[in-house]
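Please look through the sequence and the model slowly before reading on. The paragraphs below are meant to be read with both in view.

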Amino acid sequence: MRIVGVDIGGTGIKSALIECGAPDDAASYRIIERASVHTDGKQGRDKVIDNICVAIDKFIAQSDASIIGVGSAGDIDDTCGVITFATDALPGFTGLELRELLAERFGKRVNLVNDAVAALVGEAYVGNSLKGRPMMLTLGTGLGCAMIEDISKPLGSGSIENIRLGHIELHDGGRQCKCGLKGCAEQYVSATGLKLNAGMDRVEEILSSDKSRAAVREFLADFKSVLEVACDRYSPTNIIIGGGVVEMSQYWWDDLVSICDKNIACKLVKAKLGNRAALLGSVFAALNGRYGIQNGIY
Ligand SMILES: [Zn+2]
């Protein structure tokens, strides 16, 4: 079976043609071809919607599936396929019935989940085949977090929680966050946080250079604090760590594991799929999940 997967982010929209054997055979999933277009958020809602359609159009003719898998930035009610909150990166998307809109445009069913949820599904089922209660933290511009309550239960609405861990208060009266609060975790434990710590712009340079060693130590100490909160509040069995910073994990992973060693009650796992996770996860969720009835079918 060949199916189109889409990953809608604030700067880019990725799409892919993904092939699988049986829908529930996670090991059989592979990306045949992928593409990416700019989101163009500054040009308004209709332009972003057009760009999403362009991304899907690239592969839709080669798909033999009756459904399209979509993961998107923003808070999403995945039972009815509505974006309940989006930042200015996706202008006018708050309240948008994106699932319905795309289903009408392409004449197929559409499954819409949050992008952090899609990445977690990708990593937990396709990338790592984990058991228990896996959680994923994604370190990019911000800090995303999602958790599967119990991976042995069916995938669907309510089986994965999108957790706003990036906006817990880490430092009282600290850095101003885009959400309006101060001292949020994502202002420290993210690529943005590393850059602010070091007063430098290139993440790889910060991680590898001697002169920014204190900034990296600070970042790792904050990272550990966030992991402790995550373990205390949610009791995950594994925490998968993903995002661009993980692609440079050779500079910091062992240090994080060693400072966390006796303090963290779960296993830390590196994400394996990189920026393919949300594409593969959106398709796996579409084919295996039960996310509310559309046209009389799940
Ligand atoms: Zn915040």
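What follows goes through the domains, then the sheets, and then two single residues.

This is a predicted model, in which local features need pLDDT of at least 70 and side-chain atom pairs count only at pLDDT 80 or more, while totals for chains, interfaces and linings use all residues. Residues are numbered from 1 along each chain as its sequence is written.

The domain assignment of the protein gives domain 1, made of 2-119 + 276-288, and domain 2, made of 131-271; such bounds come from an automatic or database domain assignment. Between the C-alpha centres of domain 1 and domain 2 there is a distance of 25 Å. Where the domains meet, ten residues of domain 1 are in contact with twelve residues of domain 2, two residues being in contact if their C-beta atoms, placed from the backbone, lie within 7 Å. On the side of domain 1 that touches domain 2, the elements giving two or more residues are α3 (115-127) and α8 (277-288); helices (H or I, at least four residues) and strands (E, at least two) are DSSP runs, numbered from the N terminus. Sorted by class, this side of domain 1 has five nonpolar, four polar and one charged residues, where Ala, Val, Leu, Ile, Met, Phe, Trp, Tyr, Cys and Pro count as nonpolar, Asp, Glu, Lys and Arg as charged, and the others, Gly among them, as polar.

Turning to the sheets, one open sheet has five strands in the order β3-β2-β1-β4-β7, with mixed pairing; two strands pair if DSSP finds at least two bridges between them. Its edge strands are β3 (30-38) and β7 (109-114), each of which pairs on one side only. Neighbouring strands of this sheet are turned by 20 degrees against each other on average, direction ignored. Within it, β1 (residues 2-8) and β2 (residues 12-19) pair in the antiparallel sense over seven bridges, and V4 stands opposite L17 in β2. Helix α2 (residues 98-106) packs on the sheet, touching β4 (67-72) and β7, and its direction makes about 150 degrees with that of β7; axes are lines fitted to C-alpha atoms, for helices over the stretch in contact, and angles run from 0 to 180 degrees between N-to-C directions. Helix α8 lies across β1, β2, β3, β4 and β7, and runs at about 125 degrees to β1.

A further open sheet is formed by five strands in the order β10-β9-β8-β11-β12, again with mixed pairing. Because β10 (160-162) and β12 (267-270) stand at the edges with a single partner strand each, one side of each is left without a neighbour in the sheet. From one strand to the next, the twist averages 20 degrees. Strand β11 (residues 238-242) pairs with β12 in the parallel sense over four bridges, and I240 stands opposite V269 in β12.

Two residues remain to be placed. S209 sits in the loop between α5 (203-208) and α6 (213-234), and S209 is partly exposed because 15 other C-beta atoms lie within 10 Å; a residue is buried if 20 or more other C-beta atoms lie within 10 Å of its own, exposed if 12 or fewer, and partly exposed in between, with C-beta atoms placed from the backbone. Although S209 and Y251 are 42 residues apart along the chain, their C-alpha atoms are separated by 9.7 Å. V216, in helix α6, has 19 C-beta neighbours inside 10 Å and therefore counts as partly exposed. Leaving aside its neighbours within four places in sequence, V216 is in contact with I206, L207 and W252.
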